[in-house]
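Let's take a walk through this one from the inside out. Keep the viewer open and follow along as we go.

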Amino acid sequence: MSAVLHWLEQLPEPALYAVQFLALFLEGTGLPGIFVEPFFLATGVLVGRGRMPFLGAWLAAAAGNFAGNLAGYALGRASLEPLLRRVGPRLGLTPERLEEARGWFQRYGAWTVFIGRWFGPIRTPAILFAGDARVPLPRYALASAAAALSWTAVYQLAFTWLGRTAVDLWQRRAGWLAAALLGAAALAWAAWQLRRRRRRRGRRGAGGAGGGGARAAAGGAGGAAAGGVTGGAGGAAARLRRWRRPARKTLAALVVGGVSLAAPASFLLFHAEAGGRAPVPPDQLPVPNAATRLLVIAPHPDDETLGAGGLIQRTLAAGGQVHVVVVTAGDSFSRATILWTGHLKPGPADYRALGVERLHESQRATAILGLRPDQLTELGFPDKGLERLWYDYWGAPEPYLSPFSRASSVPYRLADRGLPYDADSLAAALRSVIETFDPTVVIAPYPLDGHPDHRAAYDFTMYALAAAQRSSTSVYTYLVHHGDWPAGWGVEPFTPLVPPRDLRHVGHWVHVALSRGEIERKLDAIEAYISQMRVMGGWLRTFARSDELFQPAPQAVLAPHEAVPAMRSRDELARDVASGGEALPVLPPPLKTRLDPGSALRAVRVERVGPELVAAVETLAPPNPLTDYRLRFWAFSHGAARGYVITLDRGAADVRPLAAGGPAWPAGQAVRVTLRTDGFLVEIPWEALTGTTDLLMECESGVGRIVLDRTGWALFRVTR
């Protein structure tokens with residue numbers, strides 16, 4: 001299932017319609033063994049994400065199914081009779097029975113075709129026998145069209161609602177489902193074998209009893225006389241036996257059909273329960289006023305409108321100041337590039353052309369929201385490359401080379417054109433904006449957003465705030481990418497935007513209620529992104545709701561606490577830090593079911609205890625000895641930053657600088673690691689961090705360069 005979804009996601013929208021048409025065409029011919037449920041599931045997820053409209057997916061499926069029905073009719077008309085002459089007697093289909101079936105289909109063939117589209121067991125014979133029986137084509141076509149429009153609509157709607165829930169269920173429980181299917185197949189095979197043996201025994205018994213036929217013939221005269229009396233009852237019994245087998249088959253078809261409909265229905269109920277709406281957060285974002293200076297950080301052109309389009313309008317209306325920073329040009333979106341340029345294999349020039357267009361779209365959208373050109377800064381850094389910059393390009397000898405635009409520096413006609421693609425340049429650009437604009441409120445992406453560019457934009461923002469010595473500035477974050485959230489598609493302006501159900505208890509959510517005018521203007525700004533509307537317009541419109549959601553960024557104060565008594569155990573220290581330390585943002589355990597429990601992070605908390613900085617790392621199970629656990633942090637001292645990564649491996653610690661050529665870890669300041677049954681305890685000498693005023697920290701688990709789990713970064717202000 002996931003393979004089908006991944007393959008479909010790489011296709012442009014016209015190709016999606018072609019795939020949907022072809023899959024339903026093959027199914028509509030009546031050929032056995034054609035399963036379209038995976039395609040319905042995959043297209044349902046794409047519809048939910050806004051990749052293709054529901055109406056288009058449904059009509060493509062219905063048209064393909066109807067065309068397949070006509071092809072199956074022609075196949076049955078031309079080829080079924082010769083085939084049945086050859087194999088029919090082996091299946092018990094005598095010429096007399098075939099004639100009865102043809103007569104029945106000539107009477108009720110259209111209804112059988114319509115019902116057969118809903119029930120798998122009679123789908124193939126209904127289509128092929130209708131052609132063989134010469135059911136009038138107009139009647140057959142009308143029944144096929146009505147069936148195709150109705151059943152594909154129900155299935156597409158059901159699997160659209162089912163969406164990501166079913167995909168996740170399959171990915172998480174694929175082994176169990178496969179085992180259940182194999183077990184059911186084994187039971188069916190055993191039952192069939194048992195039934196065959198019983199039939200053979202019955203035939204042998206009937207053959208042995210046949211020897212008495214000659215003896216029974218002697219009483220023929222008497223039997224004939226008696227037959228006149230019992231003939232009426234015998235005829236009724238014969239008629240009853242004649243109808244018994246069709247009745248059993250009809251009942252079996254109804255049962256199987258009911259089960260086939262009950263499965264999607266039960267999935268719908270499961271999806272409604274699992275993806276049901278969380279409540280609207282009761283708390284609101286502080287109301288902006290004339291003194292508000294709002295800085296909005298957008299990883300891509302359109303994120304500023306999706307996440308804070310209403311708040312921008314509200315701040316401007318209150319007389320406050322607003323500045324928007326768009327970090328990338330959004331120039332690495334393959335599907336949008338294909339549709340925008342018309343080239344199935346886009347090259348670097350095509351990606352750059354999309355980047356130019358998206359930058360222009362950002363200018364038009366922010367103007368609709370009420371911003372002047374000087375209130376927008378576009379940096380032009382590499383789309384789909386921000387997280388690589390954040391982790392691998394501090395002090396790098398060579399800049400990052402985008403695999404899409406093939407640029408290693410900003411290629412667009414912007415103020416920072418020619419700025420190299422490295423972490424230091426991006427951090428310096430953001431710091432410059434912060435120092436120049438001096439914001440009172442910063443709106444940045446959510447630290448646990450599903451898109452790596454969004455997470456990295458948040459990371460760079462927090463770094464720049466600490467470097468500019470603005471760590472006390474209020475920071476709120478907005479979510480854009482999280483599974484199939486927001487639920488639904490199209491415009492639902494009077495439906496509130498609520499947190500994802502699995503994140504509603506993670507952090508403290510607040511909201512801003514929008515007026516009708518603010519909603520309409522935000523929708524107009526969203527639709528200004530023409531290149532994106534072509535690809536995922538339905539999903540983008542779902543952000544034009546009656547409110548906007550935010551969450552305070554993880555910021556806290558690290559104050560020194562008393563030293564641990566010498567007699568105190570490490571377990572006691574770990575429990576104290578885990579219960580009272582400052583937390584790093586972590587995704588909840590239900591979202592980590594595909595991870596090894598020993599590599600999944602349950603919680604990470606830090607605290608200053610005496611002369612040490614102590615971090616308690618908790619995992620869902622005892623730490624996996626094959627997994628590396630890394631604790632990264634940047635220590636700021638009056639704007640200057642030193643970054644280190646502590647790799648924890650089987651109770652040992654290896655400390656290295658984050659930036660190439662950065663200062664080495666002070667000699668003699670050993671990091672102490674205690675391996676526990678539920679994680680690690682890490683004790684860092686505070687003397688090695690002397691002079692630190694701010695601390696930016698995260699933790700991750702992985703194998704080599706493969707990351708298994710990771711917290712968000714948290715910024716801590718240090719007090720003496």
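Start by clicking on Trp 634. Once its neighbours within four places in sequence are set aside, Trp 634 is in contact with Trp 390, Trp 394, Tyr 463, Ala 641, Arg 642, Gly 643, Leu 658, Ala 659, Asp 694, Leu 695, Leu 696 and Trp 713. Bear in mind that you're looking at a predicted model.

Now zoom out a little to the core around that residue. Trp 634 and Trp 390 are the residues with the most contacts inside the largest nonpolar core, a set of 50 residues. Who builds it? At least two residues each come from strand 1 (293–298), strand 2 (321–328), strand 3 (376–381), helix 13 (386–392), helix 14 (423–437), helix 15 (452–467) and strand 13 (628–637). Helix 15 gives the largest share of this core, with ten residues. There's also a second core, separate from that one, with 49 residues; Ala 308, Val 326, Tyr 529 and Ala 544 are among them.

Next, the empty space. How many cavities of 30 Å³ or more does the structure hold? There are three of them, and the largest encloses about 70 Å³. Its lining is made up of Leu 306, Gly 307, Tyr 478, Leu 479, Trp 485, Leu 497, Trp 509, Lys 522, Phe 543, Glu 548 and Leu 549. Helix 10 (303–317) and strand 7 (547–552) are the elements that put two or more residues into that lining. Sorted by class, the lining of the largest cavity comes out as eight nonpolar residues, one polar and two charged.

Finally, have a look at a pair of helices. In helix 11 (residues 334–341), the buried residues include Arg 335, Ala 336, Thr 337 and Ile 338. Right after helix 11 comes Gly 342, with a positive phi of about 80°.

Helix 12 (residues 348–369) runs for 22 residues and spans 32 Å from first C-alpha to last, close to the 32 Å expected at 1.5 Å a residue. Which of its residues are buried? In helix 12, they are Asp 350, Tyr 351, Leu 354, Gly 355, Glu 357, Arg 358, Leu 359, Glu 361, Ser 362, Ala 365, Thr 366 and Leu 369. While you scan that list, remember that an α-helix has 3.6 residues a turn, so residues three or four places apart point the same way. The buried residues of helix 12 pack against helix 10, strand 2, helix 11, strand 3, helix 16 (516–527) and helix 17 (530–541). After helix 12 you'll find Gly 370, where phi is positive, near 110°.

Key
Residues are numbered from 1 along each chain as its sequence is written. This is a predicted model: local features need pLDDT of at least 70, side-chain atom pairs count only at pLDDT 80 or more; totals for chains, interfaces and linings use all residues. Side-chain values use heavy atoms; hydrogens and water are left out. A nonpolar core is a set of buried Ala, Val, Leu, Ile, Met, Phe, Trp, Tyr and Cys residues joined through side-chain atoms within 4.5 Å. Buried means under 20% relative accessible area, exposed over 50%, partly exposed in between (1.4 Å probe, protein chains only). Helices (H or I, at least four residues) and strands (E, at least two) are DSSP runs, numbered from the N terminus. Contact means heavy atoms within 4.5 Å. On a 1 Å grid over the protein atoms alone, a cavity is a set of points where a 1.4 Å probe fits but cannot get out, and a pocket is an open set with protein on both sides within 12 Å along at least five of seven lines; lining residues have an atom within 4 Å of a point. Grid points are joined across faces, edges and corners, and a volume is the space filled by probe spheres set on the points. Ala, Val, Leu, Ile, Met, Phe, Trp, Tyr, Cys and Pro count as nonpolar, Asp, Glu, Lys and Arg as charged, and the others, Gly among them, as polar. The expected span of a helix is 1.5 Å times one less than its number of residues.
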